Amino acid sequence: MPAKPSTWPALRRRALMGAVSVSLLCAGLPAAAADDGRPDLSRFYDQKVAWGPCEGLQMPQDLQCGKVTVPLDYARPEAETLDLALARYRASGDRRGSVVLNFGGPGGAGVTELAYSGKEFMDLTDTYDVVSFDPRGVGRSSPVSCGGSYATAGDDTDDVLRDPRDMLSRLKRAADACAEHSGPVLPHIGTVNASRDLDVIRQALGDKKLNYLGFSYGTRLGAVYAAQFPDRVGRLALDGVDTLTAPLTEQGIAGARGQQTALEDFLDWCVEDIACPFGQDARTAREEVLRLVRSLDQDPLPTDFGYEFTGQDLVGAIGQALYSRELWPMLERALASLVEDGDTRRIEAFVTGGYSVPGVPGVPGVPGIPGVGGRPDAERPRETGPETDGGLTDEEDIPLDNLAAALMAINCADDPDRPTADQVTRDLGRLRAAYEQASPVFGRYRLTEVLLCYGRPRGTDYIRDEVKDVDTPKLLLVGTRGDPATPYRWTVETAERLGSSAVVLDNRADGHTGYGSSKCVHRKVDDFLRYGSLPANGSSCGAEERQ
């Protein structure tokens with residue numbers, strides 16, 4: 001799935017918006033060892049989190065940080081381990097446990113996001129400790145990297161179609177670079193193992209049941225958890241619901257189509273303002289945007305970061321900004337600076353705030369991100385857990401491309417489709433036409449994301465084949481009608497697939513996810529998590545209730 005960032009706080013974050021098959025040997029089995037020879041996980045389920053102060057850039061004083069240790073390979077828990085970074089805001093009222101948040105991506109660092117957007121969840125602290133974590137391969141939790149090496153399908157169309165095997169060769173080299181720079185975690189990355197990690201976290205927090213709020217990709221993680229651990233599901237709310245069945249090629253087309261619609265909505269808004277850099281006619285504005293993208297692909301602009309800003313960089317930046325209407329004024333000003341002055345700095349803020357497939361090798365898609373920090377281990381309270389091999393990464397050592405690398409690794413690990421070189425060569429022209437029909441602006445960019453799984457080992461079948469008909473308490477699924485990243489139909493399809501446990505809330509608004517933009521959605525999700533109060537299946541929140 002393409003990067004799908006959460007939308008709050010709007011001015012803080014955008015985008016957040018495995019390269020191999022994941023072992024399912026232990027999936028859905030009890031945590032501790034049984035007499036039938038299943039791997040013994042008891043040492044991981046016996047640990048407790050030792051919370052301490054978080055240190056780092058602008059880390060809130062009331063945020064606490066800690067870690068849990070998990071097996072690198074759940075089939076071999078006696079072997080290597082890795083640590084996962086955690087953060088929490090403590091409950092201020094009558095505590096009934098924890099609620100764990102995942103903000104999406106995949107590849108978004110939960111600790112940093114919780115630090116920046118914690119105020120959005122303060123109502124939940126009346127009842128819960130509000131917790132988030134950096135999943136394996138992300139942030140401080142053994143972050144993956146491609147060493148700045150990326151391949152792109154965004155070259156000249158005629159050249160690619162004439163010799164697609166050259167493109168595939170570059171994609172394979174890029175995949176090899178990711179394996180080289182990511183270390184031992186890469187073969188064990190993906191949502192199936194992240195779900196098992198989530199259950200270890202639940203136990204370490206002292207909770208019998210998992211209470212969970214997941215956004216965008218986080219809904220995929222929540223659905224997988226419900227399938228693996230149905231008897232440990234508490235109150236699960238999923239906002240911006242991901243597909244469980246569509247192949248990456250179909251997801252990319254849906255994403256391109258959704259972002260094209262969002263772009264046209266933005267331009268309809270922009271041309272009403274005399275300051276719109278594309279004039280006052282919407283049709284002309286759409287043509288001007290496409291012309292600008294093509295011009296920058298042909299003649300990129302130099303940047304203060306030492307690389308050239310291409311048309312595909314612009315597409316990535318616009319795509320990030322379109323996830324939330326609150327960003328439209330900033331996007332308009334950034335585009336005006338670019339068009340009128342050739343100044344890339346404002347628009348680059350959107351590129352570096354989220355996932356961007358660079359147009360040239362060696363250009364990271366994201367900047368350094370603040371980590372959880374904390375006192376040195378000798379000064380921190382000691383966790384009661386197993387000895388660890390893969391400790392937390394220092395914040396200054398998090399690779400610049402971690403978000404991009406983790407997004408690709410997790411999406412590829414979750415997708416079993418791996419067309420051969422002959423199949424890609426045969427289908428590339430058709431795929432390119434389909435993507436460009438879905439969006440003349442975003443089509444090429446989205447196709448690049450899909451093709452980046454080429455050269456990586458085949459992903460798991462588990463999500464597509466087994467995550468269905470879950471036997472759990474009721475799950476709340478929120479779908480937004482005008483969501484540019486996760487179409488509303490995915491909410492309906494996923495609800496049908498999960499079965500009678502799923503309850504759908506229809507958010508009749510736009511933007512990616514609803515919790516951060518709709519008072520109605522926010523209230524209904526909080527009521528469910530705090531009191532167990534569910535809206536009627538199929539009930540709706542109106543656009544007039546947007547915050």
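A polar contact here is a pair of N or O atoms within 3.5 Å; within protein, one must be able to donate a hydrogen and the other to accept it, and residues adjacent in sequence count only if both atoms are side-chain atoms. This is a predicted model, where local features need pLDDT of at least 70, side-chain atom pairs count only at pLDDT 80 or more, and totals for chains, interfaces and linings use all residues. Residues are numbered from 1 along each chain as its sequence is written, and side-chain values use heavy atoms, with hydrogens and water left out.

**Helix α17**

Let's start with Ser518, which caps the N-terminal end of α17: one of its side-chain oxygens lies 3.3 Å from the backbone nitrogen of Cys520. Helices and strands are DSSP runs numbered from the N terminus (helices H or I, at least four residues; strands E, at least two). How far apart are the end C-alpha atoms of α17 (residues 519-531)? They sit 17 Å apart, which agrees with the 18 Å that its 13 residues should span at 1.5 Å a residue; the expected span is 1.5 Å times one less than the number of residues. Just past the helix, Gly532 takes a positive phi of about 80°.

Several α17 residues are buried (under 20% relative accessible area, with exposed over 50% and partly exposed in between, using a 1.4 Å probe and protein chains only). Among them are Cys520, Val521, Val525, Phe528 and Leu529. The buried residues pack against strands that include β6 (210-215), β7 (233-239) and β12 (539-542).

**The sheet**

Those strands bring us to an open sheet of 10 strands, ordered β1-β2-β3-β5-β4-β6-β7-β10-β11-β12, with mixed pairing. At its edges are β1 (52-53) and β12, each pairing on one side only. Two strands pair if DSSP finds at least two bridges between them. For β6 and β7, the pairing is parallel, over 5 bridges, and Tyr212 stands opposite Leu236 in β7.

**Two residues to look up**

Contact means heavy atoms within 4.5 Å; the contacts below leave out residues up to four places away in sequence.

| Residue | Place | Touches |
|---|---|---|
| Glu332 | helix α10 (residues 328-341) | Phe266, Trp269, Cys270, Asp273, Ala275, Cys276 and Pro277 |
| Pro419 | loop between α12 (402-413) and α13 (421-438) | Val424 and Tyr454 |

Is Glu332 buried or exposed? Glu332 is buried, yet has no salt bridge (a side-chain nitrogen of Lys or Arg within 4 Å of a carboxyl oxygen of Asp or Glu). Its nearest side chain of opposite charge, Arg333, is 6.0 Å away; Lys and Arg count as positive, Asp and Glu as negative, and His and the chain ends are not counted.

Pro419 counts as partly exposed because its relative accessibility is 40%. The C-alpha atoms of Pro419 and Leu451 are 9.8 Å from each other, though the two are 32 residues apart along the chain.
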